[in-house]
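Colleague: I would like to go through this model with you. Shall we start at the surface and work inwards?

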Amino acid sequence: MRLVVQRVSSASVTVNEEVVSKIGRGLCVLVGLQDTDTHDDLLWMVNKLLKFRLFDDASGKRWAKGVQDLGLEILCVSQFTLCYEMKGNKPDYRRAMAGEEAAAFYKTFLKTLRQKYEPDKVKDGVFGAMMQVGIVNDGPVTVTLDHPPLHNTKKNSNSSPSSEV
């Protein structure tokens with residue numbers, strides 16, 4: 001599962017020239033589901049998303065508060081194109097969760113997010129639709145969350161500890 005999380009001043013989703021969802025200050029979250037995602041991955045992501053410290057506190061201390069701490073809004077947008085592998089110069093989406101399964105899993109993700117937060121503060125787009133996503137990125141701050149992590153945990157034997165990131 002991959003989330004692209006953007007701290008926003010505002011965000012909206014438009015389908016067929018009609019605004020179907022919008023938020024003020026908070027997070028716009030692009031949600032990519034992989035064919036190997038589990039309910040445990042979903043729970044981990046929901047908990048991390050709500051507590052992810054991307055906002056300043058009242059005194060101006062950076063990276064001190066999460067969306068839940070501040071009572072802000074969340075706009076989720078399903079986006080299978082986040083789950084790709086390169087095949088030459090073309091993206092290959094075979095790792096993305098298939099349509100009906102992805103729709104049900106995404107619905108469960110939203111339901112869980114609403115249960116663990118305030119239901120009226122969690123908005124979403126239209127699953128499977130062609131959407132125009134408008135954001136005013138605040139910062140700009142854009143980060144990714146992957147679970148399980150997508151990076152290779154195998155260490156390069158030629159690198160020193162100081163050169164590893």
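Colleague: Which residues form a nonpolar patch on the surface?

Modeller: This is a predicted model. In it, Phe80, Tyr84, Met86 and Tyr93 form such a patch, and together they have about 430 Å² of accessible area.

Colleague: Where is methionine 86, and is it buried or exposed?

Modeller: Methionine 86 is in strand β5. Its relative accessible area is 52%, and a residue counts as exposed over 50%, so methionine 86 is exposed.

Colleague: Changing topic, how many aromatic pairs are there?

Modeller: The count comes to two aromatic pairs. One of them joins phenylalanine 80 and tyrosine 93 in an edge-to-face arrangement, at 5.1 Å centre to centre and with 75° between the planes.

Colleague: Which parts of the chain does that pair link?

Modeller: Phenylalanine 80 is in the loop between β4 and β5 (85-87), whereas tyrosine 93 is in the loop between β6 (90-92) and α3. The two residues are 13 residues apart, and the pair links distant parts of the chain.

Colleague: And how accessible are phenylalanine 80 and tyrosine 93?

Modeller: Phenylalanine 80 is partly exposed, at 49% relative accessibility. Tyrosine 93 is also partly exposed, with a relative accessible area of 31%.

Colleague: What about the pair of tyrosine 106 and phenylalanine 127?

Modeller: That pair is tilted, with 5.8 Å centre to centre and 35° between the planes. Tyrosine 106 lies in helix α3 and phenylalanine 127 in the loop between β7 (122-124) and β8, so the pair ties together parts that are 21 residues apart in sequence.

Colleague: Is each of those two rings buried or partly exposed?

Modeller: Tyrosine 106 is buried, at 3% relative accessible area, whereas phenylalanine 127 is partly exposed, at 36%.

Colleague: Now the interior. How many residues are in the largest nonpolar core?

Modeller: The largest nonpolar core has 30 residues. Those with the most contacts inside it are Leu3, Val29, Val31, Cys76, Phe109 and Leu113.

Colleague: Which elements give two or more residues to this core?

Modeller: They are β1 (2-15), β3 (26-32), α1 (39-51), β4 (73-78), α3 (99-116) and β8 (132-146). The largest share, six residues, comes from α3.

Colleague: What is valine 31 in contact with, leaving aside its neighbours within four places in sequence?

Modeller: Valine 31 is in contact with Met1, Arg2, Leu3, Cys76, Val77, Ser78, Gln79, Leu82, Tyr106 and Phe109.

Colleague: What lies apart from the largest core?

Modeller: Another core, of 12 residues, lies apart from it; among them are Ala11, Val13, Leu75 and Leu82.

Note on methods: Residues are numbered from 1 along each chain as its sequence is written. This is a predicted model: local features need pLDDT of at least 70, side-chain atom pairs count only at pLDDT 80 or more; totals for chains, interfaces and linings use all residues. Side-chain values use heavy atoms; hydrogens and water are left out. A nonpolar core is a set of buried Ala, Val, Leu, Ile, Met, Phe, Trp, Tyr and Cys residues joined through side-chain atoms within 4.5 Å. Buried means under 20% relative accessible area, exposed over 50%, partly exposed in between (1.4 Å probe, protein chains only). Helices (H or I, at least four residues) and strands (E, at least two) are DSSP runs, numbered from the N terminus. Contact means heavy atoms within 4.5 Å. Rings of Phe, Tyr and Trp (its six-membered ring) pair if their centres lie within 6.5 Å; planes under 30 degrees apart count as stacked, over 60 as edge-to-face and the rest as tilted. Patches are made of residues with over 30% relative accessible area and no salt bridge: like charges are joined within 9 Å, nonpolar side chains (Val, Leu, Ile, Met, Phe, Trp, Tyr) within 5 Å. Accessible areas come from the Shrake-Rupley method with a 1.4 Å probe; for residues, only the protein chains shown count as cover. A salt bridge is a side-chain nitrogen of Lys or Arg within 4 Å of a carboxyl oxygen of Asp or Glu.
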